Amino acid sequence: MSGDSGLTVEGLAHDLNNVFETLSEAAELLSTDAKWSRVANTIRRSVRRGERIVESLTETISDAGDLCEILDNAVQHTEDVLTFTRGTAIQYARQVADGVTLSGSPAAWERVFVNLFLNAAQANPHGAEVAIGATCEDGVVTLTIADNGPGIPASILPTIFDPNVTTKKSRGRRGLGLHIVQSIVSEHGGTVVAENRQPRGAIFTVTLPQTGVA
Ligand SMILES: Nc1ncnc2c1ncn2[C@@H]1O[C@H](COP(=O)(O)OP(=O)(O)OP(=O)(O)O)[C@@H](O)[C@H]1O
Ligand SMILES: [Mg+2]
C-alpha cells in the first residue's frame with residue numbers, strides 16, 4: 001500500500017464502517033419479523049466479526065486470549081459460513097489442555113482456525129470431521145487441526161502456504177487462506193506445517209511460544 005495517509009488501514013477501516021453500518025441496519029429491519037430473526041442474528045455476528053478483523057489490523061494488544069473462547073468463536077463463524085453457503089456442518093472433536101492461551105489478537109487467531117476449518121469442510125463436502133488438539137509444554141504451545149478428507153494433493157504440498165496456490169475453481173477462491181494462516185502464525189513468533197496422515201486426511205501443526213510476540 002502507498003504511503004498516502006488516505007490509503008492506510010485506518011482509511012480502509014473508516015470506509016468499511018459504512019458497510020458494517022448498512023448491514024447492521026439491514027439486520028435490525030429483518031429482526032422485526034420473527035421469520036428472519038435467525039438470519040438477522042447471523043448478520044449481526046458477521047458484522048461484529050468483520051469489525052474485529054479490521055480492529056485486529058491496527059491493534060497492538062498482546063493479552064493472552066483464552067483458546068477455548070477463540071475456538072468457540074471460530075466454530076460459530078465457520079458454521080455461519082457453511083450454513084449460508086449450503087455447506088455441510090463439521091463434526092468437531094477437541095482435546096485441549098487446560099489453560100492454553102494464545103497471545104496477540106484473538107480476532108487474528110480466529111481467522112487462522114476459520115481458514116483451516118473451511119478448508120477441511122471444502123475438502124470433504126459430505127461431512128468433515130475435524131480433530132483439534134492443543135498442548136502446552138515447556139512454554140511451547142502445539143496446536144493440531146486434523147481432518148478426515150482426501151489429504152493434500154502431493155503436487156501442491158511443498159508450496160501450499162504460498163499465495164495463489166489453489167485446486168478450487170469456485171468463485172472467490174484465491175488460494176490465500178493458508179497464506180493468511182502462515183502470516184498470522186509467523187507474526188506471533190510461530191511456525192505452521194502441513195502434512196498428510198494415514199490412512200487419510202490432512203494435519204496442520206502450529207508451534208509457538210506460550211508468550212509469543214504480537
Ligand atoms: N484440509 C485440506 N485437505 C485437503 N486439501 C487441502 C486442505 N487444506 C488446503 N488444501 C489444499 O490447499 C489449497 C490451498 O488452500 P488455501 O486455503 O490456501 O486456498 P483455497 O482454500 O484454495 O482458497 P481460499 O482459502 O483463498 O478461499 C486448497 O485449494 C486445497 O487444494
Ligand atoms: Mg482456503
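In this predicted model, a search of the whole structure for disulfides finds zero. Cys68 takes part in no such bond, since the cysteine sulfur nearest to its own, that of Cys136, is 13 Å away, whereas a disulfide requires the two sulfur atoms to lie within 2.5 Å. Seen from the other side, Cys136 is likewise in no disulfide, with the sulfur of Cys68 as its nearest at 13 Å. As for their surroundings, Cys68 has a relative accessibility of 33% and therefore counts as partly exposed, and Cys136, at 32%, is also classed as partly exposed.

A buried position is found at Val112, a residue of helix H4, which spans residues 106-123. Val112 counts as buried because its relative accessibility is 2%, under the 20% limit that defines the class. Which residues does Val112 touch, once those up to four places away in sequence are set aside? They are Val181, Ile184 and Val185. With Val181, which stands 69 residues apart from Val112 along the chain, the separation between C-alpha atoms is 4.9 Å.

Thr167 offers another setting, for it is placed in the loop that runs between strand S5 (140-147) and helix H5 (177-187). With a relative accessibility of 49%, Thr167 counts as partly exposed, because the exposed class begins over 50%. Leaving out neighbours within four places in sequence, Thr167 is in contact with Pro153 and Ile156. Of this pair, Ile156 is eleven residues from Thr167 in sequence, and their C-alpha atoms are 8.7 Å apart in space.

Methods
Residues are numbered from 1 along each chain as its sequence is written. Chains are lettered from A and ligands numbered from 1 in the order in which they are written. This is a predicted model: local features need pLDDT of at least 70, side-chain atom pairs count only at pLDDT 80 or more; totals for chains, interfaces and linings use all residues. Side-chain values use heavy atoms; hydrogens and water are left out. Helices (H or I, at least four residues) and strands (E, at least two) are DSSP runs, numbered from the N terminus. Buried means under 20% relative accessible area, exposed over 50%, partly exposed in between (1.4 Å probe, protein chains only). Contact means heavy atoms within 4.5 Å.
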